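Dear colleague,

Here is the structure I promised to pass on to you, together with some notes on what turned up when I went through it. Please look at the sequence and the coordinates first, and then read on.

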Amino acid sequence: MVINFATRESVDISQLSYIRENISDHECPIAPQGRLRPVVDGKSCDYTFKYMDCDVNRHVNTVKYLDLLLNQFSLEKFDNEFVKRLEIAFQKETLYGTTAQINIDDSDPMDCKLSIDVEGTSHVRSRITFSRRE
């Protein structure tokens, strides 16, 4: 991802001549990310972000988001299944001291939808698909 530091917005990577000149003609074997929707029905728990959850800009870091999302599942689930695909969409930055709701819709245990919401607004949306271990 390329970010314009002045505007703090993403920039179209194809605008960089070095990248444009080195684009492969091979198709990417990974399917594009789908549109992630808010989780409206499901289980929920609260978490208040602390010092070690944040980066130097005082925003919650990606590792903490992944930690919270993946910890919604039991160890037994990971014994029997592995993460086949994880999609994540960052909607809004979360700051130190914020209490968030971690929501999970695991009505299809092999295709789970999750979100991290603050006062009804999604900060992170995710989809995790699993495959059975052989």
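Please keep in mind throughout that this is a predicted model. I begin with one residue and work outwards from there.

Ser-115 sits in strand β6, which covers residues 111-118, and with a relative accessibility of 0% Ser-115 counts as buried. The side chain of Ser-115 makes a polar contact of 3.2 Å with the side chain of Asp-117. When the neighbours within four places in sequence are left aside, the residues in contact with Ser-115 are Val-39, Gln-101, Ile-102, Asn-103, Ser-122, Val-124 and Arg-125.

The strand that holds Ser-115 belongs to an open sheet of five strands, whose order is β3-β5-β6-β7-β4 and whose pairing is antiparallel. The edges are taken by β3 (43-48) and β4 (81-90), each of which has a single partner strand, so that one side of each is left without a neighbour in the sheet. From one strand to the next, the twist averages 20°. The partner of β4 is strand β7 (residues 121-132), and these two pair in the antiparallel sense over nine bridges; Phe-90 has Val-124 in β7 as its bridge partner. Helix α2, formed by residues 62-70, lies across β3, β4, β5 (99-105), β6 and β7, and it runs at about 130° to β4.

As for the aromatic residues, the count of aromatic pairs comes to six. In one of these pairs, the ring centres of Tyr-65 and Phe-90 are 5.8 Å apart and the ring planes stand at 45°, so the pair is tilted. This pair links distant parts of the chain, since Tyr-65 is in helix α2 and Phe-90 is in strand β4, with their positions 25 residues apart. Tyr-65 is buried at a relative accessible area of 4%, whereas Phe-90, at 45%, counts as partly exposed. In another pair, Phe-73 and Phe-78 have their ring centres 6.2 Å apart and their planes at 90°, so this pair is edge-to-face. Phe-73 counts as buried at 10% relative accessibility, while Phe-78, at 23%, is partly exposed. Tyr-65 and Phe-90 also appear together with Tyr-47 and Phe-49 in one aromatic cluster.

Two backbone positions deserve a look when you go through the loops. Arg-8, in the loop between β1 (2-4) and β2 (9-11), has a positive phi of about 60° although it is not a glycine, and its relative accessible area of 60% makes it exposed. Arg-58, in the loop between β3 and α2, likewise has a positive phi, of about 70°, without being a glycine, and at 64% relative accessibility Arg-58 counts as exposed.

Finally, a few values for the chain as a whole. The secondary structure comes to three helices and seven strands, and from the N terminus on these elements follow the order β-β-α-β-α-α-β-β-β-β. The C-alpha trace spans about 45 × 40 × 25 Å along its principal axes, and 30% of the 134 residues count as buried. Among the contacts with a separation of 6 or more, 64% are between residues 24 or more positions apart. The accessible surface amounts to about 9800 Å², and 51% of this belongs to carbon and sulfur atoms.

With best regards

How values were computed: Residues numbered from 1 in each chain as written. Predicted model: local features only at pLDDT ≥ 70, side-chain atom pairs only at ≥ 80, totals over all residues. Heavy atoms only, no water. Helix = DSSP H or I, 4+ residues; strand = E, 2+ residues; numbered from the N terminus. Buried < 20%, exposed > 50% of the residue type's maximum accessible area, 1.4 Å probe, protein only. Polar contact = N/O pair within 3.5 Å; in protein donor to acceptor, adjacent residues only side chain to side chain. Contact = heavy atoms within 4.5 Å. Pairing = 2+ DSSP bridges. Axes fitted to C-alpha atoms, helices over the stretch in contact; angles between N-to-C directions. Areas by Shrake-Rupley, 256 points an atom, 1.4 Å probe, with all protein chains shown as cover. Phe/Tyr/Trp six-rings, centres within 6.5 Å; stacked < 30°, edge-to-face > 60°.
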